[in-house]
Amino acid sequence: MAQLRVLAVDDELPALEDLSYLLRADPRIGEVVTARDGAAALRLLDRAIADGRPIDAVFLDIRMRGLDGVVLGRLLSQFANPPRVVFVTAYEEHAVDAFEIKAEDYLLKPVRPERLAEAIRRVAISADVPAEGGESDTIPVELGGVTRFVSSADVMYVEAHGDYARLHTAAGSHLVRIPLATLEERWASAGFVRVHRSHLVAVKHIEELHIDSGKCSVRVGDTEIPVSRRHTRELRDLLVRRARKGRPE
């Protein structure tokens, strides 16, 4: 894999120098360019595209003078070939904005080298390996005051809790402030289907389908999930098609 070319953006010079130093120390990164504000960052990105040497990822502070990081991140997401975005900030409350922008990661200052290494790993994988069967996506969750990102690939099913949703993985569950309908739309390409008004399921994690006396359910891990009548036929047909595709000739 070719080394990454990245842009670090922060309006505080000491923080920018520290971040640049840590980025240059990682062997997966070949070049680091820097900017002190959002406007300068856009100029550098435009110049890189014109020179045929586009930036692979932007490590971006949020609260900056002028064009802040969230606005800049939204602008970058509209590029024809957008760079990956990693937010580096002292503030936790913008994690949902990062999710909406499809940021690769969300790091809190002071940046720990091991967390930065994990963010670079995410960027490197995203830049080099297109996701199969739909785009993998991540969502920020709070764990003991630390913001981490859970990949859609690790989520087995999602349960609605009003305007919140609970993500269930093999390692545990996480309550996030995102409606189930939003996740249904966002993760459709990652293989998630609505089976009930309160449940969204990753098809690859469905182990069994049960239909008894007109009632339908699926087993995901050790959990039995109800399937509403309106979704039963569609889900059954989907599972049959998947089974036929996987059958040896």
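## Charged and aromatic contacts in a predicted model

Both W187 and F192 are buried. These two residues belong to a model that is predicted, and the contacts between side chains described below are to be read with that in mind.

**Aromatic rings**

The structure holds 2 aromatic pairs. In the pair formed by W187 and F192, the ring centres are 5.1 Å apart and the planes meet at 40°, so this pair is described as tilted. The step from angle to name rests on two cut-offs, because planes under 30 degrees apart count as stacked and planes over 60 degrees apart count as edge-to-face, while the rest are tilted. A ring can also have a charged side chain as its partner, and here R63 lies over the face of Y91, at a distance of 3.6 Å from the ring centre.

**Salt bridges**

The structure holds 15 salt bridges, and three of them are set out in the table, each with the distance between N and O atoms.

| Acidic residue | Basic residue | N to O distance |
|---|---|---|
| D11 | R65 | 3.8 Å |
| E114 | R112 | 2.7 Å |
| E208 | R219 | 3.1 Å |

Which parts of the chain does the salt bridge between D11 and R65 link? D11 stands in the loop between β1 (4-9) and α1 (13-24), whereas R65 stands in the loop between β3 (57-60) and α3 (69-77), so that the pair links distant parts of the chain, 54 residues apart. The surroundings of the two partners can be described as well: D11 counts as buried because its relative accessibility is 9%, and R65 counts as exposed because its relative accessible area is 60%.

In the salt bridge between E114 and R112, E114 has a relative accessibility of 49% and therefore counts as partly exposed, and R112, at 36%, also counts as partly exposed.

The side chains of E208 and R219 meet in a salt bridge. E208 lies in strand β13 (residues 206-212) and R219 lies in strand β14 (residues 215-220), so the pair ties together parts of the chain that are 11 residues apart in sequence. E208 is partly exposed, because its relative accessibility is 31%, and R219, with a relative accessible area of 23%, is likewise partly exposed.

**A network**

Salt bridges can also join several residues, and in this model D105, R115, E118, R121 and R122 are linked in a network of such bridges.

Terms used:
Residues are numbered from 1 along each chain as its sequence is written. This is a predicted model: local features need pLDDT of at least 70, side-chain atom pairs count only at pLDDT 80 or more; totals for chains, interfaces and linings use all residues. Side-chain values use heavy atoms; hydrogens and water are left out. Rings of Phe, Tyr and Trp (its six-membered ring) pair if their centres lie within 6.5 Å; planes under 30 degrees apart count as stacked, over 60 as edge-to-face and the rest as tilted. Buried means under 20% relative accessible area, exposed over 50%, partly exposed in between (1.4 Å probe, protein chains only). A charge sits over a ring if NZ of Lys or CZ of Arg is within 6 Å of the ring centre and within 35 degrees of the ring normal. A salt bridge is a side-chain nitrogen of Lys or Arg within 4 Å of a carboxyl oxygen of Asp or Glu. Helices (H or I, at least four residues) and strands (E, at least two) are DSSP runs, numbered from the N terminus.
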